[in-house]
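Student: Please give me a close look at chain A. Cover its burial and packing, then its charged pairs, and finish with the partner chain for contrast.

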Amino acid sequence: MIVAEPEAAPTAASGVVGVGTRSATLRAVYMIWYRDVLKYWRDRVRLIASLAQPLLFLLVFGLGLSSSLRGAGGGFGGTGGSGSLNYVQFVFPGVVAMAVLFTAIFSAMSIVWDREFGFLKEILVAPVDRSAVAVGKALGGATQAMLQGCVMLVFAPLVGVHLTLLSVVELVPLLFVLAFALSSLGVAVASRMRSMQGFQVVMNFMLLPIFFLSGALFPLSGLPGWMTVLTRLDPVAYGVAPLRHAVLGGAGVPAAVAARVGDVSLFGRTVPTPLEVVMLLLFGVAALAVAIRGFRIPD
Amino acid sequence: MTLSASVPGERGSMTGPAPEPATSVIGVRGLVKRYGPVEAVRGIDLDVHRGEVFGFLGPNGAGKSTTISILCTLLRASSGTAHVAGFDVQRDPAAVRARIGLVFQDPSLDDQLTARENLEFHALIYNVPRAVRRQRINEVLEMVGLGDRASSLVRTFSGGMKRRLEIARGILHDPRILFLDEPTQGLDPQTRSRIWEHLQELRRRLGVTIFMTTHYMDEAEYCDRIAIIDHGRIVAQGTSDQLKQMVGGDVVSVITADDVRAMAEIERALDVSPVLQDGSLRMEVADGAAFVPRLIGAVSAPVRSVTVRRPSLDDVFLKLTGRAIRDEDADPLQAMRAMGARWAGRRR
């Protein structure tokens, strides 16, 4: 009763399948990244809806506070009445960082979603290294967050922030670095989460403090001691500062003023932009390592 | 307490470590899986031959999913060995994964993508060469009857269509073995038989070996060979006919006005031991047609009905375990659906 089948039939293409090789893993990274970007692009409604919150901050909070500060007779950042810097200019890079932060974190939520609705399993059982999931998702989330940040730049003229071509060229890679660090953070958290609720609880607990302490809304100088310590521990602080540096530089704000309101100092010294970029990259890589470990834990 | 369904002269159950037969594509020896103190799988031996449809039957919680997960390298065994497509599942999981296709119990499609996109992503991670990718995708979609829905979002598919798409995805990279874990669970009977037609077709056209679990006993009729698992042990293995021969002859069910008294009378006069089940007395006899007149003669209470039938796999399961498989067939989702349907019915 042995079912005799012609020998040749099943072997036709079986030989070509990659066996957990590096190239198979790289293809999986590409696939996961591409899927994320495709879905981001396809879901225009979400794309537009997710602009609502940053725009609310920019238009209502930013313009509102800007006018009331001007009405009170003071400029912003100790510039007196010279008018060289208003609050909206100051807060604009912060709001761009906010868009990046929220997009990056929420794109990581799709991992928990995929886990719940099964698609993750399709990748986890494939003959590829599980690190592919972490890397692919981190890059996918970073791409989405960066694009979201770029979309925000379009609104600059609307609120009277002048951007030059040079400052845009400067901003895009900075956006990507920040997006990568935050997306990796989100993936690291999501890799340990088995339920949507769990992820949301953790993220609600983290997201607003990270945002408030990042210097997006107010300068990080002259704060109470405890808050100064917390702000320096916030990775987003090292993303907001270089963004602000580039925006204010492009808007023609005097360098001294921009530095006073925008720079982050650590141990009494101003942290230069290249170092900030390196710190963000290191943070992203560390978070990614945590994420990779998370995915290697068997279910 | 392992009963073997082997018939002399036929390929029977394997005991102890034996060299794998040349045609064996899955070989399992002494497989055990413990979760803490609980033994989910308690020493399983299995051989699946190339090109056959092998059914792994048992009630929910018998250890089917655990076993299939170990074979697919998703779980590590506590002890014992398993070879799939010529590779050890513990030592070389990536090699095994590249040679098997999987259809899970739970859906694993991205329903925000189209059918074609789902398959394209699968082709990408399983390295189906770019030159043949498109053609291969068209082929498998055609095979499961979804050729005209390639560009539709999976969200718009019915449960049966999704399952067929998953089967198409499972064979896309031309695996040697296709594993299906409860592929027909939760589908209506028509859809179930449609899926079976597609699976038979795949086996015929591709020569792929199919290993599937189910708790629908009637589906085992589609399988070339069957293993019945209960409480982590294989209690019988063989073809459907071989298993049915274990019951011996026919199954006779009788309903009388007084079943308890009838049971005693039958036992005394006819030397068989009836079992009272679902309001009827059920017994296994060598020749059902000849038995019925004697049965009616032996029972003093009025006989309401007598049924004679060939044994089914349900009867085999009942004989081997002393329980009907349906007793333990408590799929919580289905139970809830049934409750919901009843509730909705009452409201109307």
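Tutor: Start with a cut-off. A residue counts as buried when its relative accessible area is under 20%, as exposed when that area is over 50%, and as partly exposed in between. The model is a predicted one. On that scale, 52% of the 299 residues in chain A are buried.

Next, the fold. Chain A holds 11 helices and 2 strands. Read from the N terminus, the order is α-α-α-α-α-α-α-α-α-α-β-β-α. Take the contacts in chain A between residues at least 6 apart in sequence: 81% of them join residues at least 24 apart. The outside of the chain amounts to about 13,000 Å² of exposed area, with 72% of it supplied by carbon and sulfur atoms.

Now one helix, α10 of chain A, which spans residues 255–262. Its buried residues are V257(A), A258(A), V261(A) and G262(A). Why do they count as one side? They cover an arc of only 105° around the axis, so they lie on the same side of α10(A). On the other side of α10(A), A255(A) and A256(A) are exposed. The cover over the buried residues of α10(A) includes α3 (87–117) and α9 (237–250) of chain A.

Aromatic rings come next. Rings pair when their centres lie within 6.5 Å. By that rule there are 14 aromatic pairs over all chains. One of them joins F57(A) and F211(A), edge-to-face, at 5.5 Å centre to centre and with 90° between the planes. F57(A) sits in helix α2 (residues 44–71) and F211(A) in helix α7 (residues 196–212), so this pair ties together parts of chain A that are 154 residues apart in sequence.

F211(A) also pairs with F212(A). Those two ring centres are 5.7 Å apart and the planes meet at 35°, so the pair is tilted. How does burial compare for the two? F211(A) has a relative accessible area of 2%, so it is buried. F212(A) is at 38%, so it counts as partly exposed. Ring pairs join these residues into a wider cluster: F57(A), F61(A), Y87(A), F90(A), F102(A), F106(A), F211(A) and F212(A).

Then the charges. A search over all chains gives 27 salt bridges. In chain A, R296(A) bridges to D129(A), with the closest N and O atoms 2.7 Å apart. R296(A) belongs to helix α11 (residues 273–296), while D129(A) is in the loop between α4 (119–124) and α5 (131–153). The pair links parts of chain A that are 167 residues apart. Is this bridge's arginine buried, exposed or in between? R296(A) has a relative accessible area of 47%, so it is partly exposed. D129(A) is at 30%, so it too is partly exposed.

Chain B gives a contrast. R225(B) and E52(B) meet in a salt bridge at 2.9 Å, N to O. R225(B) is in strand β9 (residues 225–230) and E52(B) in the loop between β2 (38–49) and β3 (53–57), so the pair ties together parts of chain B that are 173 residues apart in sequence. Here both R225(B) and E52(B) are buried.

A further bridge in chain B pairs R282(B) with D315(B), the closest N and O atoms being 2.7 Å apart. R282(B) lies in strand β13 (residues 280–285) and D315(B) in helix α10 (residues 313–321) of chain B, 33 residues apart. Both R282(B) and D315(B) are buried.

Back to chain A, where one network reaches across to chain B. Salt bridges with shared partners join R35(A), D36(A), K39(A), D114(A), K137(A) and D110(B).

Chain B also places charges over rings. R192(B) lies over the face of Y216(B), 3.6 Å from the ring centre. The charged end of K33(B) sits over the ring of Y35(B), 5.4 Å from its centre.

One last residue in chain B. H198(B) is in helix α6 (residues 189–206). Its relative accessible area is 11%, so H198(B) is buried. Leaving out residues up to four places away in sequence, H198(B) touches M143(B), V144(B), G145(B) and R164(B).

Definitions and conventions. Residues are numbered from 1 along each chain as its sequence is written. Chains are lettered from A and ligands numbered from 1 in the order in which they are written. This is a predicted model: local features need pLDDT of at least 70, side-chain atom pairs count only at pLDDT 80 or more; totals for chains, interfaces and linings use all residues. Side-chain values use heavy atoms; hydrogens and water are left out. A salt bridge is a side-chain nitrogen of Lys or Arg within 4 Å of a carboxyl oxygen of Asp or Glu. Helices (H or I, at least four residues) and strands (E, at least two) are DSSP runs, numbered from the N terminus. Buried means under 20% relative accessible area, exposed over 50%, partly exposed in between (1.4 Å probe, protein chains only). Contact means heavy atoms within 4.5 Å. Accessible areas come from the Shrake-Rupley method with a 1.4 Å probe; for residues, only the protein chains shown count as cover. Rings of Phe, Tyr and Trp (its six-membered ring) pair if their centres lie within 6.5 Å; planes under 30 degrees apart count as stacked, over 60 as edge-to-face and the rest as tilted. A charge sits over a ring if NZ of Lys or CZ of Arg is within 6 Å of the ring centre and within 35 degrees of the ring normal. The arc is that of the directions from the helix axis to the C-beta atoms.
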